[in-house]
Amino acid sequence: MSKWWRAVATTAGGLRSTEVTSRRSYFTIQAIPREVSGRRVSSRDRAQGRIPAVVFSQNYVQSKPEDPTSIVASSSVSRKFLLTTERKQIKTIIDSVDLPFFCSTTFPLQIRAGSGSSTLLESGKVLPIKIHKDEETGKILNLVFVWAEDGTKLRVDVPVVFKGEHECPGLKKGGYLNKIRPSLKFLCPAENIPQKIEVDISQLDVEDKVSLHDIDVHPAWKLLSKNEAIPVCKVKATPVDS
């Protein structure tokens, strides 16, 4: 099969001691509709080197102004399409962006009338929200996307990346880094989703920590946690064997 996907430009940005990175799409995902669903049909698609997928619209809003964690879907699911996409294409994309950041990166999606067709049925920007894998083989079984339309808000699980480990005084003294929160949940505008949050630990000594309230982020991003004193990471002393 021909390669449908193409590379596009990327951008990045940062913020003070905790750096927030937001990168645009690397590839345009090409997909075709599937008229029916079911285990047998999905198995046939996978045998042909394709991955069943679904995309739909889902906008989240904050139901209680005083409670940043009171997030609900504002409307029922709409603009839903059952799709398949090439396994090789998805593997290339994941290898490029790294798997932990796949579900915090938006991509252009083009839905064609059929394999190799020039007829475009639907297009737009999407955010992957779920990857279903085979527990034994690790192969991707299904993908779930939501339309990431400008003006909507989406709930995103943003990976945390820790930097400065080589300079960290606490680690040099023999301590170890306890990575308590490998990701953080935010409500983000679809046009401004951070791909990752980088937490600088280069100044932490033994027993020092970085908490949620220490992380500076864009004011449009709402952290979905009621307790901002929760630590993201902590440098702990290595236990001494008796």
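Here is a quick briefing on the fold, the strand pairing and one pocket of this structure.

What you're looking at is a predicted model. The chain has 242 residues, and its secondary structure comes to 3 helices and 16 strands. If you want a place to start, try strand 7, residues 107–112, which is largely enclosed by the rest of the structure because 5 of its 6 residues are buried.

**The chain as a whole**

- Of those 242 residues, 42% count as buried.
- Take the contacts with a separation of 6 or more: 69% of them are between residues 24 or more positions apart.
- The chain's accessible surface adds up to about 12,900 Å². Carbon and sulfur atoms account for 49% of that surface.

**Around strand 7**

- Buried means under 20% relative accessible area, and 5 of the 6 residues of strand 7 meet that mark, so the rest of the structure largely encloses this strand.
- Strand 7 pairs with strand 2, which covers residues 29–33; the two run parallel and are joined by 3 bridges.
- Strand 7 also pairs with strand 8, residues 120–133, and here the strands run antiparallel, with 6 bridges between them.
- Q110 is a handy residue to click on, as a marker for both pairings. Its bridge partner in strand 2 is Q30, while its partner in strand 8 is S123.

**Around strand 16**

- Strand 16 takes in residues 231–236, and it pairs with strand 11, residues 176–179, over 4 bridges in the antiparallel sense.
- To find that pairing on screen, look for Y176, whose bridge partner in strand 16 is K236.
- Strand 14, residues 209–211, is joined to strand 16 as well, by 3 bridges, and this pair is antiparallel too.
- For that second pairing, look for S211, which stands opposite P231 of strand 16.

**The second largest pocket**

- This pocket holds about 170 Å³ of space.
- Helix 2, which spans residues 87–97, gives the largest share of the lining, with 5 residues.
- The lining includes R87, I90, K91, I94 and D95. Also lining the pocket are I51, L99, K133, G138, K139 and I140.
- By type, the lining splits into 5 nonpolar, 5 charged and 1 polar.
- Among the lining residues is K133, and residue 133 also falls within strand 8, the antiparallel partner of strand 7.

Notes
Residues are numbered from 1 along each chain as its sequence is written. This is a predicted model: local features need pLDDT of at least 70, side-chain atom pairs count only at pLDDT 80 or more; totals for chains, interfaces and linings use all residues. Side-chain values use heavy atoms; hydrogens and water are left out. On a 1 Å grid over the protein atoms alone, a cavity is a set of points where a 1.4 Å probe fits but cannot get out, and a pocket is an open set with protein on both sides within 12 Å along at least five of seven lines; lining residues have an atom within 4 Å of a point. Grid points are joined across faces, edges and corners, and a volume is the space filled by probe spheres set on the points. Ala, Val, Leu, Ile, Met, Phe, Trp, Tyr, Cys and Pro count as nonpolar, Asp, Glu, Lys and Arg as charged, and the others, Gly among them, as polar. Buried means under 20% relative accessible area, exposed over 50%, partly exposed in between (1.4 Å probe, protein chains only). Contact means heavy atoms within 4.5 Å. Accessible areas come from the Shrake-Rupley method with a 1.4 Å probe; for residues, only the protein chains shown count as cover. Two strands pair if DSSP finds at least two bridges between them.
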